[in-house]
Amino acid sequence: MDLHMVQAGENFADAARMDAVNREAFPKEERVPTKELLRMAGEGLIRILALYDREDFIGFLTYLTHGAIFYISFFAIDRSRRNRGYGGAVLRELQEQYPGRQFVLDLEPLDAAAENLPQRRRRRDFYLRSGFHPTSYFLRYRGLTFEILCTGGAFRREGFASLMDTLRSPAFQPVLFRQPEEAGQP
């Protein structure tokens, strides 16, 4: 594995490959179109890391930093490259590059009624193995609810809420709320 990460923006040469991974990895109701992600990166609203093994595009990660918070908003490895250690290697490398930051992400909660419950469990288990832990906080936006996981000690709720405030717009009104840890965990 010869992993490296490259910042991507509006004129990203591998946009078509990124789009294929984006479409495969995220359900339509959760997905932000690739063109929109690249536009937002070009405007400095988010950052995108294109992930490569040597010259081969293997996935992407979008993120924001704010104070001591490193928020991962989208992270996907190409289906043909999953289960080869890339995801864990990317997270370890980022944690080395950004020491002292609390890494935060949101993901689909475990819901016994969800059609993709096994996939949700695998994804959550991956993050738990990678040093993330449940926070008992959730984020609701675009009519969807997501569980928040983080690294390090106690969830820095105020820092994360401040980051969310920087993203607020008429089209994006995230709501951060707390739920007992045992709720919604099939």
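This passage walks through two pockets, a covered strand and two unusual backbone angles in a predicted model.

Pockets come first. The largest one has a volume of about 960 Å³. It is lined by 33 residues, and those closest to its centre are Phe75, Arg82, Arg123, Phe126 and Tyr127. Helices H1 (15-25), H3 (86-97) and H4 (117-129) each give two or more residues to this lining, and so do strands S4 (69-77) and S5 (102-107). Sorted by class, the lining of the largest pocket holds 15 nonpolar, eight polar and ten charged residues.

The second largest pocket takes up about 560 Å³. Here 24 residues form the lining, with Met40, Ile46, Leu64, Leu167 and Phe172 closest to the centre. Two or more lining residues come from each of helix H2 (34-42), strand S3 (56-66), S4 and helix H5 (157-167). Of these contributors, S3 gives the most, with five residues. The class split for the second largest pocket is 14 nonpolar, seven polar and three charged residues.

Next up is S5, one of the elements that line the largest pocket. This strand is well covered, with six of its six residues buried. In a regular strand, side chains alternate between the two faces of the sheet. In S5, one side carries Gln102, Val104 and Asp106, while the other carries Phe103, Leu105 and Leu107, and both sets are buried.

What does S5 pair with? One partner is S4, which runs parallel to S5 over four bridges. Within this pairing, Phe70 sits opposite Phe103 of S5. To get from S4 to S5, the chain passes through H3, making a right-handed β-α-β crossover. Another partner is S7, which pairs with S5 in the antiparallel sense, again over four bridges. There, Asp106 has Ile148 in S7 as its bridge partner.

Finally, a couple of backbone angles catch the eye. Ser136 is not a glycine, yet its phi is positive, near 70°. This serine lies in strand S6 (residues 133-141). Is Ser136 buried or exposed? Ser136 counts as buried because its relative accessibility is 6%, and the cut-off for buried is under 20%.

Arg142 also has a positive phi, of about 55°, without being a glycine. This arginine belongs to the loop between S6 and strand S7 (144-150). With a relative accessibility of 46%, Arg142 counts as partly exposed, a label for values between the 20% and 50% limits.

Key. Residues are numbered from 1 along each chain as its sequence is written. This is a predicted model: local features need pLDDT of at least 70, side-chain atom pairs count only at pLDDT 80 or more; totals for chains, interfaces and linings use all residues. Side-chain values use heavy atoms; hydrogens and water are left out. On a 1 Å grid over the protein atoms alone, a cavity is a set of points where a 1.4 Å probe fits but cannot get out, and a pocket is an open set with protein on both sides within 12 Å along at least five of seven lines; lining residues have an atom within 4 Å of a point. Grid points are joined across faces, edges and corners, and a volume is the space filled by probe spheres set on the points. Ala, Val, Leu, Ile, Met, Phe, Trp, Tyr, Cys and Pro count as nonpolar, Asp, Glu, Lys and Arg as charged, and the others, Gly among them, as polar. Buried means under 20% relative accessible area, exposed over 50%, partly exposed in between (1.4 Å probe, protein chains only). Two strands pair if DSSP finds at least two bridges between them. A crossover is right-handed if, with the strands pointing away from the viewer, the path from the first strand over the helix to the second runs clockwise.
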